[in-house]
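Colleague: Could you take me through the enclosed empty space inside this protein, and then set it beside the open space and the fold as a whole? I would like a careful, connected account that I can follow with the model open in front of me.

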Amino acid sequence: MKRRGILQATAAGFGSALPSWAFAQGIGSVKPGKPYAGTEINLLTVVAPQFKAHEAKLAEFEALTGIKVKYQYVPFANTREKLTAELVGQSSQYDVLSTMDVWGPSLYNLFEPLNGMLEEKKIEMESRYPYAHLRASRDGNGQGKNILGFPIRGHVQLMFYRKDIFDKLGLKAPNTWDEMVEHGQLISAKTDLSGVAMYYGKTAGQNLMIWFNYLWGAGGDLLDAKGQPAFNSPAGIAATQAYIDVLLKHKAAPAASASFNETDAVNSVAQGKSAMVPVWWWRYASLVDPKVSTLKPEQVAFAPLPSMPGKPNTTYTNTWFYGINKNSKKKAAAMEFLTWLSNPEIERSVLLDKSMNEVVAMQTKNLIDADVNLRYKGMHVFGAQALKGAKGTPLFPQWPQVSDILEASISELASGKTQVKATLDDAASRVRKVMRG
């Protein structure tokens, strides 16, 4: 069977349970007659190529509705601070706001519940989006009844690797973390590349993103059922030791990984210095872009993240959503914009735009789309599979402080100066204080 036929068959397997609304005409459409013509709405969002692509399509939306949309971009490092200022000041300057899942619990009061407007538009969010993403836009720490926004940007993690190097050495993508270490050691011994670029440095919690998969795969978790630290359990200690040992004991990762952030690790592969990197799928673009990478697309392959022996694959998800400012005086027009923007065809058009390498797909229909998967060599089918059992961090208001504690602990461990159990026990003690307020 040719590749396209394989992808279509695979997509059909995922799509058999898709509801009829996903393909119907007129569902989730904007109101006819341009009732909000002349209205201008302001959107505050983080910087992302995907959002620039949306902005480039605004002429279509204005022609359809008469509504003008003005984008205001904020660097990632400043976004949460800006949103918090909007909440505290009860400002109506911005009508549509973007936020990341882990910030949501501290910002829920900034967003207007959309349930009534979604019902009016006949938009069924539960069918449109994988649960792993939809939870980020619900109140009640992801478990509430109110939907506060549309998941607009999100990621799954994949293992990217040098296909040419793997073929030369007779290797296949690693199924387990132990296999990743073994492959990495062999690559280091047989080539002038390091095995796997990891990132243990302190940068906005990035050194936790692979650690979570070790933790979950070993049967551990961040918090227990009572909301107290569980990462220093025996399973958590063993998982963390295995995570750190990739660098310190097995030396499958370059020594510089101790201070690498995510971008450093990706660049290590892109510049031909390392053969593997476990990272978000959106990083594919920088691995094959000739402006920033020495690699050709045929040299880069990907697979689901490795797992613990005998355990299913996991992926940590990251989700952004667009919601309506509760203080906005233009909520109806803002909902018209979100209705248009969330149309699956808008997302699909960006995915298939050959002037970009934008891989982000939030909606089930596009994750299993044959043309999307043909362009990206089946990446999105992998994503759809990973999202079925994907986990995110628990959504609770204290997460930013907890994240700071944990990322500092991982960074300390990567230096080789502290012991895993003692470091995690100390982190757990500090986290308990944070959780008590």
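Modeller: The largest share of the lining of the largest cavity comes from helix H16, which supplies three residues. Please keep in mind throughout that this is a predicted model, and that every value here is computed from its atoms. H16 spans residues 344-351, and the other elements that give two or more residues to this lining are helix H2, at 49-56, and strand S4. In all, 14 residues line the largest cavity, and those nearest its centre are Gln50, His54, Ile152, Leu341 and Glu347. By class, eight of the lining residues are nonpolar, four are polar and two are charged. The volume enclosed is about 90 Å³, and the structure holds two cavities of 30 Å³ or more.

Turning from the enclosed space to the open one, the largest pocket has a volume of about 860 Å³. Its lining is made up of 32 residues, among which Phe76, Met100, Ala204, Met209 and Trp320 are the closest to the centre of the pocket. Strand S4, at 150-155, appears here as well, as one of the elements that supply at least two residues each to the lining of the largest pocket; the others are helix H4 (76-89), helix H13 (262-270), strand S9 (318-324) and helix H20 (399-414). Of these, H20 gives the most, with five residues. The classes in the lining of the largest pocket come to 19 nonpolar, six polar and seven charged residues.

As for the fold that surrounds these spaces, the secondary structure of the protein consists of 21 helices and nine strands. The radius of gyration is 22 Å, which agrees with the value near 22 Å that a compact globule would have with 437 residues. Along the principal axes, the C-alpha atoms fill a box of roughly 70 × 60 × 40 Å. Among the 437 residues, 57% count as buried, and, of the contacts with a separation of 6 or more, 73% are between residues 24 or more positions apart. On the outside, the protein exposes about 18,300 Å², of which carbon and sulfur atoms supply 51%.

To return to your starting point, the element to look at when you inspect the largest cavity is H16, with its three lining residues, while for the largest pocket it is H20, with five.

Technical notes
Residues numbered from 1 in each chain as written. Predicted model: local features only at pLDDT ≥ 70, side-chain atom pairs only at ≥ 80, totals over all residues. Heavy atoms only, no water. 1 Å grid on protein atoms, 1.4 Å probe; cavity = no way out; pocket = protein on both sides within 12 Å on 5 of 7 lines; lining within 4 Å. Points joined across faces, edges and corners; volume = space filled by probe spheres on them. Helix = DSSP H or I, 4+ residues; strand = E, 2+ residues; numbered from the N terminus. Nonpolar A, V, L, I, M, F, W, Y, C, P; charged D, E, K, R; others polar. Rg over C-alpha atoms; globule rule 2.2 N^0.38 Å. Buried < 20%, exposed > 50% of the residue type's maximum accessible area, 1.4 Å probe, protein only. Contact = heavy atoms within 4.5 Å. Areas by Shrake-Rupley, 256 points an atom, 1.4 Å probe, with all protein chains shown as cover.
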